[in-house]
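Me: I would like to learn how to read helix packing and ring pairs in a model. Please take me through one case.

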Amino acid sequence: MQNLNDMMTFASVADAGGFTEAARRLGTSKSSVSKSVAKLERSLGVRLLNRSTRGLSMTEIGFAYYDHCVRIADEVAQAAELVSELQSEPRGVLKVTCPVAFGRLHVAPAVAAYLSQHPRMQIHLTTTDRVVDLVSEGLDVAIRIAQEPSPQHVARELAPATRVICATQGYLDRYGVPKTAQELAHHNCLHYTHFGSHGEWRLQGAEGQIMVRVSGSLRVNDDDVLSRAVNDGLGLALLPTFIVGDDLRTGRLHSVLSDFVPIERRIYAVHLPNVRMPRKVHGFIDFLQARIGPVPYWDLKSEPDASPAVSLS
């Protein structure tokens, strides 16, 4: 009978596309991974991988065998998860990715609160504004901000990603408050490069969607940096309230053109479809949703009395 560890190692090599990356993900050496796969091939009496100077590829038998390995791995994971569910305290490793600014401001504090309640859990958090592939990166949960979630994932909405056009009072005193969307053309409109084409803001008005031509002295791929520039009085920008909620509440920033709102986006927690969603995934998403609240705490008109209370596991 083939060694289960060797089968799982082979599946990891197939997923990673090579021995080096598989070794990195498994936390072992490349030679150990290579020996494990070679041992499995000898046991089966077949070649599972074609090796060449250009890389690795699976043989026809390798493809078929890989499918069985994946199913077995899923069964093993579900068996382990079942045992975990029968215990009162969740445990294990949860791999999460989220956008940089949202992660710094909201996910990181939530992770700290979650781990203080569940000391046997570990969370591996990756912050990036790049949309990563959950399968190839070996991730459990991704927090994504989008108009619609990807149909290939299971998604739960956490909150609306409300954005506002905002500036400091000092900037508005110097250059005036725009009364119409067209007046934005006469303002220094700072641009976040991940949303839309340079020189265009997509807004929703009473008569439907409009495209406004804008220009400005700053283009940046980091909305934390964009927020700092707006707070320094450099210009107007479209910014999410999960970043500038406190600034709006305290009056450091003022929103303008409230009749024209940016095209709506929402914050989702997404994971891969699974017949039986792991408890650790379900529990963490429940925790985030309860912490954010039915009305996101960053959109409250006054300061909350205390940190968001969370009782879900």
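**Helix packing and ring pairs**

Reply: The crossing of H8 and H9 is right-handed (the near helix is turned clockwise from the far one by less than a right angle; anticlockwise would be left-handed). This is a predicted model, in which local features need pLDDT of at least 70 and side-chain atom pairs count only at pLDDT 80 or more, while totals for chains, interfaces and linings use all residues. Residues are numbered from 1 along each chain as its sequence is written, and side-chain values use heavy atoms, with hydrogens and water left out.

Me: At what angle do H8 and H9 pack, and how far apart are their axes?

Reply: Two packed helices are described by the angle between their axes and the distance between the axes. Here H8 (residues 223–231) and H9 (residues 241–250) pack at about 20°, with axes 11 Å apart. They are therefore roughly parallel (angles under 35 degrees).

Me: Which residues of H8 and H9 make the contact?

Reply: Contact means heavy atoms within 4.5 Å. Asp223, Ser227 and Asn231 of H8 meet Ile243, Val244 and Asp247 of H9.

Me: How are the rings of Phe102 and Phe242 arranged?

Reply: Rings of Phe, Tyr and Trp (its six-membered ring) pair if their centres lie within 6.5 Å, and planes over 60 degrees apart count as edge-to-face. The centres of Phe102 and Phe242 are 5.0 Å apart and the planes at 85°, so this pair is edge-to-face. Phe102 lies in helix H5 (residues 100–117) and Phe242 in H9, so the pair ties together parts 140 residues apart in sequence.

Me: Is Phe242 buried or exposed?

Reply: Phe242 counts as buried, at 6% relative accessibility (buried means under 20% relative accessible area, with a 1.4 Å probe and protein chains only).

Definitions and conventions: Axes are lines fitted to C-alpha atoms, for helices over the stretch in contact, and angles run from 0 to 180 degrees between N-to-C directions. Helices (H or I, at least four residues) and strands (E, at least two) are DSSP runs, numbered from the N terminus. Angles under 35 degrees count as roughly parallel, over 145 as roughly antiparallel, 65 to 115 as roughly perpendicular and the rest as oblique. Rings of Phe, Tyr and Trp (its six-membered ring) pair if their centres lie within 6.5 Å; planes under 30 degrees apart count as stacked, over 60 as edge-to-face and the rest as tilted. Buried means under 20% relative accessible area, exposed over 50%, partly exposed in between (1.4 Å probe, protein chains only).
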